[in-house]
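Open the model in your viewer and keep the sequence panel visible. The tour has three stops.

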Amino acid sequence: MKLTLKIEDLIMLLLGIWAFNLQDLSWWWFIGLFFVPDFGMLGYLVNTKVGAFFYNIFHHKGLAIVIGLIGYYLKLQELEVAGIILFAHSSFDRLLGYGLKYEKGFKFTHLGEIGI
């Protein structure tokens with residue numbers, strides 16, 4: 001099952017890269033923005049509950065799709081790109097085994113415990 005999930009996330013990452021390619025932007029934007037969603041981890045400086053909440057907001061694929069579609073339909077390229085970046089980054093993280101977090105701690109994810 002883990003291999004199937006990794007293949008699925010690789011395909012979603014490639015979909016995000018393809019969607020960004022449709023934008024009339026330099027690839028430097030993609031590279032520069034790709035790790036911005038990791039700022040959600042700063043919530044862990046407060047506590048694990050706040051950290052998990054903000055990490056999950058910045059790494060939720062459904063939210064990324066909604067943001068991207070709102071940008072597409074309202075012709076707001078900034079929102080469209082934000083959705084694409086959030087989607088691609090979240091897929092990349094899942095490919096590496098970093099899932100959505102439980103309040104118990106950073107290493108406890110919906111994909112299992114990190115490092116096991």
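What follows is a short walk through a predicted model, one selection at a time.

**Stop 1: D93**

Select helix α5, residues 77-95, and pick out D93 within this helix. D93 is buried and has no salt bridge. Which side chain of opposite charge is nearest to D93? Show K101: this side chain is 6.7 Å away from D93, and a salt bridge needs the nitrogen and the carboxyl oxygen within 4 Å. Next show H59, whose side chain makes a polar contact with the side chain of D93 at 3.0 Å. To see the surroundings, add D38, Y55 and Y98; together with H59, these are the residues D93 touches when those up to four places away in sequence are left out.

**Stop 2: the nonpolar patch**

Turn on the surface and select F53, F54, I57, F58 and L63. These residues make a nonpolar surface patch of about 420 Å². Which helix gives the most to the patch? Helix α3, residues 48-58, does, with 4 residues. Now select I57, which sits in helix α3. I57 is partly exposed, because its relative accessible area of 36% falls between the limits of 20% for buried and 50% for exposed.

**Stop 3: K75**

Move to the loop between α4 (61-73) and α5 and select K75. What is the sign of phi at K75? The angle is positive, about 55°, although K75 is not a glycine. Most residues other than glycine have a negative phi. K75 counts as exposed because its relative accessibility is 69%, and the cut-off is over 50%.

Key. Residues numbered from 1 in each chain as written. Predicted model: local features only at pLDDT ≥ 70, side-chain atom pairs only at ≥ 80, totals over all residues. Heavy atoms only, no water. Helix = DSSP H or I, 4+ residues; strand = E, 2+ residues; numbered from the N terminus. Buried < 20%, exposed > 50% of the residue type's maximum accessible area, 1.4 Å probe, protein only. Lys, Arg positive; Asp, Glu negative; His and termini not counted. Polar contact = N/O pair within 3.5 Å; in protein donor to acceptor, adjacent residues only side chain to side chain. Contact = heavy atoms within 4.5 Å. Patch = residues over 30% accessible without salt bridge, like charges linked within 9 Å, V, L, I, M, F, W, Y side chains within 5 Å. Areas by Shrake-Rupley, 256 points an atom, 1.4 Å probe, with all protein chains shown as cover.
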